[in-house]
Amino acid sequence: MISKSRWGQLICLVLLTSAAALPLQPLLTGHVPWQGDGLLHIYRLGALAEAVDWTWLYPRWVPDLGYGYGFPLFNYYAPLSYYVVLPAHLLGISMGTATRLSYGLALMLLGGSVWGWGRENGWGSWGLLVVSAPYLAYNLYHRAALAEIWGIAMLALTFWLVQRLVDKPTAGRLFGATLAYASLLFTHNITALIGTALLIGLVVWLQFPPQPRKSGWPAWLWVPLGLTISAFFWVPAIFESDLVQIGRLTDAANFSYVNHFLSFSDWLSWPRPADPALINPPLPLAVGTGQLFLAAVALLLLIVERRSRPPSTKSTGRDRRLVIGLLLALALTLFMTTESSSLLYSLLSPLSFVQFPWRFLGPAAILLGMLNAYALHTLWHTQKGWLQAAAVLLPLVMIAQQLPYLFPPPNPSLPPRAARAELNNFELSSGWLGTTSAGDYLPVAVTDMRFWAAERPEFQGRTLIVEAVPENGVMVLPQLAFPGWTTAVDGEPVPWTSEERTGLLRVSLPPEAQMVTLTYRGTALQRTMSWLSGLSALLLLGVMAWRRPAWSFPKWSFERPTVITILLVFPLVLLLKTAGYRQVDNPFRQSRFDGIVVSGVPPQNINFANKLRLIGAEAPAEPLPADQPLAVDLYWQGISFSEELSVGLHLLDQNGRRVAQSDSFHPADFPLPRWRPEQYARDTHQLILPPGTPPGTYPLQLFVYTASGQIRQEILNEGGLPVGVETSLFQIEIAPPNQPATAVDIRQTLNYPLTNNISILGADFESSPAKLPGESLFLRVYWQVNQPPSENERPDQPITLVSRLDQSIVAEFPLSSHIPNGSWRPNEIRYDDYLLRVPPDVPTDVYDVVLNGQRLASTDIYAPERLTVQPSIDQTLDQNLGDIARLVGATVDECEIDQDRCRLTVQLVWQARQETHVSYKVFLQFLGADGRPVAQADQIPTHQQVDLPTALTRPTTSWLAGEYLIDNHTFTIPVEQFESGLTLIAGLYDPQTGERLPTAEGGFVTIPVR
């Protein structure tokens, strides 16, 4: 060992810097972590700086957030990770640079704390290798979880200082442990929750069985002192949680712990080479192969040390107790990441706020850092060459596994400061209300946010002064209601209430009122806890001044093998990475995207409304067993980034009915407005087929829709013209299941035997309002066999549609080929879907669906009045659309101008030529001079009956030859475009194929526009 000296201290600082430089390399080269939650932290720092500029040092209520209507962010979210770099930001450093500095300081603190904790136990400086944990790099660059990284660092510091206090209780050590724990509680809520349990467990373990207390301070006193000093934050955060909509945090499936457990294979996963162009790289939430191996070595060393190691190098009883405690704590944290721990989550309700069980990997990284330090230190001191070589080489495995995490995509440009307008634009574009993922701190009084568009005046500190503008004796103030506001009219205090639904502050004003003052002073609980924390801090400082403890600082010594590993290997890897950063493919970084296609992926080129382009897709090429999930990978490139879009995949049967579906509400789980043009995204879907799905070929349909209004986006051809709103992406071959279904959920149970071996278990019928003649009824029949039936045992009875009025059969439908046959296995259940088309000429009545005398379902059929006389029209067209319909004429109303928009109605008059089994859609398009659509409408035809206030949907399957239909369509078009001259075309198309019915003009009819 090299003793402490000035040179030794300098080398220790160089060691710490060198160890952290590799994981921090992207930060050092200018990268600002922005994916995941990164932008939230950047703009929270900006919001905090705006408040502090107005001398509001701890703004529980941030008036600039919530689209400018205020948000109680820092009453619930621990902000220490922002305060550590706030002075630098206030002095002129940009938000991005200040945020990078905060990440760097956190990682340095973590490395130094685990190093100091390990050195406290005589394990050298190997604890520095904790910075190589894969989870830390994942958190830093791909989740950008700033507060959690600080929480992990503070937890490591508290572990170290608490153990020092337990070993030798002194006033100085109590002071350090208390401040560290209080800082942890003010850093990250969830890490503080997990860490508190682990810290108390460590103290209990190290002091059990209880020993007579030596002179000094009680080793447990750091808990109440830390809790009281930080009570100003955590007490209101917990006991005022009913004031906000905190349930949003756990109600959404994306934030529920049940969907985020890990497995043992996840712990050991080795990442693929990084692809900087991939917006959501599939990086595993790994523990670290090298880290886990060394933890196993630590356990093995404890077991065999009494036999194989000389007495001079054996662990002390205290060391063994600590290592065993670390191993037990590691086992617990890893267990909490797996589904086996779900019972604990359900029993201990606070654990639901963990949201992601893999967050336990943060504390696990600290524990592994300590166990690795013990193992490497012990291996080096065995004096055996091959074990010493292993101690030097094993850290290389840790470095190699972390490297693919260190190639993040480039960050977007960020403003240097965040004024209110910048904050509001960020909230609006991202949908992150109050810079929270789920709007979970929105006051409970707010249920309707459609009002959020008005101009809001600026706050001055925590006070807003506005001119009184009473309306009916009441004034609504532009801030959300939340306990802690005080209102005054012309200096006189007045009570406030909240507006119904909007949750805005509301005050009653006298007629002569001139000025209204709104000030946030906090709740009684917030003020009380602030006084308690202040008094506790003063008490602690007073005791320290009274006792005048002799401060003892840790000995920052190091070992030669650590110098070899960190001062030689780390800089070499850093140099190689920096030289080839984002430029040269290597085993850790490989670019697959050339701007057009992704290598190794079957290419696609489907343009959705010039907003999103599908550039590749992968699906199983071999037949898929019906009891296996269908995995589909879609590869997207953004074109326009102004609007949030969602992706839908539907697996359809031969009738066009949905069998299974998968939706990604953010393609690749990443909001489109945050994509960059040079990036692409991998969007993973998994479709679960219902039990009993019969074998066959199923088309997989793809569509894209707006996240807000769920409007499907047009698919554009190479000429930029729309060709439909969905496309058949693949034909999926479904094979019989590996394990036959023997139990299914059935809406209507029948257990009706058709033959000796074949039974109908039940049927599901699509319940809906009265159907029109010509429409189809959906029926699902569940079959089961006792033994595979012979060919002559197959039932051939038809399904019949029977009138309830006169018991007459109006339609018969044969059973399909999916009914049981010799290929079925004993007790197997499958379903068969039927679309039973009602004849278009049946009268209004109740009809039963019957099989072999057994009623399976019933439905009402409503026969509409048929228009047999041609109605009046403005323009005669007389154009046939195939053999199906004739477009008799059209009426185009005058344009009604509202500001800069033109509103008009187009009325089409159709005449049916013959019956059809296809439900065609009507399309109308206003085309500009370049032939591109300016406005468009696609819908099932309607008919305006005289005796009904609204039009009745009339699909073409319900048309009878010779009848007329009046079909209305409404458009809103910019006046400038309408006056520039537009062409109107109309036609019919099959929505399943996109094929248009032929006309004399080639698939459409031109309608003159006056």
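Two rings of Phe, Tyr or Trp (for Trp, its six-membered ring) count as a pair if their centres lie within 6.5 Å. By that rule, this predicted model holds 32 aromatic pairs.

**Aromatic rings**

Take Tyr782 and Tyr831 as one of these pairs. The ring centres sit 6.2 Å apart with the planes at 70°, and planes over 60 degrees apart count as edge-to-face, so that is the label for this pair. The two tyrosines come from distant parts of the chain, 49 residues apart: Tyr782 belongs to strand β20 (residues 776-785), while Tyr831 belongs to strand β23 (residues 829-837). Both Tyr782 and Tyr831 are buried.

Elsewhere, ring pairs tie Trp56, Trp61, Phe482, Trp485 and Tyr520 together into a cluster.

**A four-stranded sheet**

Trp485 from that cluster also falls in strand β3, which covers residues 485-489. Strand β3 is part of an open sheet of four strands, ordered β1-β7-β3-β4 and paired antiparallel. The edges are β1 (463-467) and β4 (492-494); each has a single partner strand, so one side of each has no neighbour in the sheet. On average, and ignoring direction, neighbouring strands here are turned by 30° against each other.

Looking at one pairing in this sheet, β3 and β4 run antiparallel and are joined over three bridges. Ala488 is the residue standing opposite Pro493 in β4.

**Gln911 and what it touches**

Gln911 lies in strand β29 (residues 901-912). With 15% relative accessibility, Gln911 counts as buried, because the cut-off for buried is under 20%. The side chain has polar partners, listed here:

| Group on Gln911 | Partner | Distance |
|---|---|---|
| Gln911 side chain | Gly962 backbone oxygen | 3.2 Å |
| Gln911 side chain | Tyr964 side chain | 3.3 Å |

Setting aside neighbours within four places in sequence, Gln911 is in contact with Ile884, Ala885, Arg886 and Val888, and also with Gly962, Glu963 and Tyr964.

**The disulfide**

How many disulfides are there? The count comes to one, formed by Cys895 and Cys902 with their sulfur atoms 1.8 Å apart. Cys902 falls within the residue range of β29, the strand that holds Gln911. Are the two cysteines buried or exposed? Cys902 is buried, with a relative accessible area of 0%, whereas Cys895 is partly exposed at 25%. The partly exposed label follows because 25% lies between the cut-offs of 20% and 50%.

Conventions. Residues numbered from 1 in each chain as written. Predicted model: local features only at pLDDT ≥ 70, side-chain atom pairs only at ≥ 80, totals over all residues. Heavy atoms only, no water. Buried < 20%, exposed > 50% of the residue type's maximum accessible area, 1.4 Å probe, protein only. Polar contact = N/O pair within 3.5 Å; in protein donor to acceptor, adjacent residues only side chain to side chain. Contact = heavy atoms within 4.5 Å. Pairing = 2+ DSSP bridges. Axes fitted to C-alpha atoms, helices over the stretch in contact; angles between N-to-C directions. Disulfide = S-S within 2.5 Å. Phe/Tyr/Trp six-rings, centres within 6.5 Å; stacked < 30°, edge-to-face > 60°.
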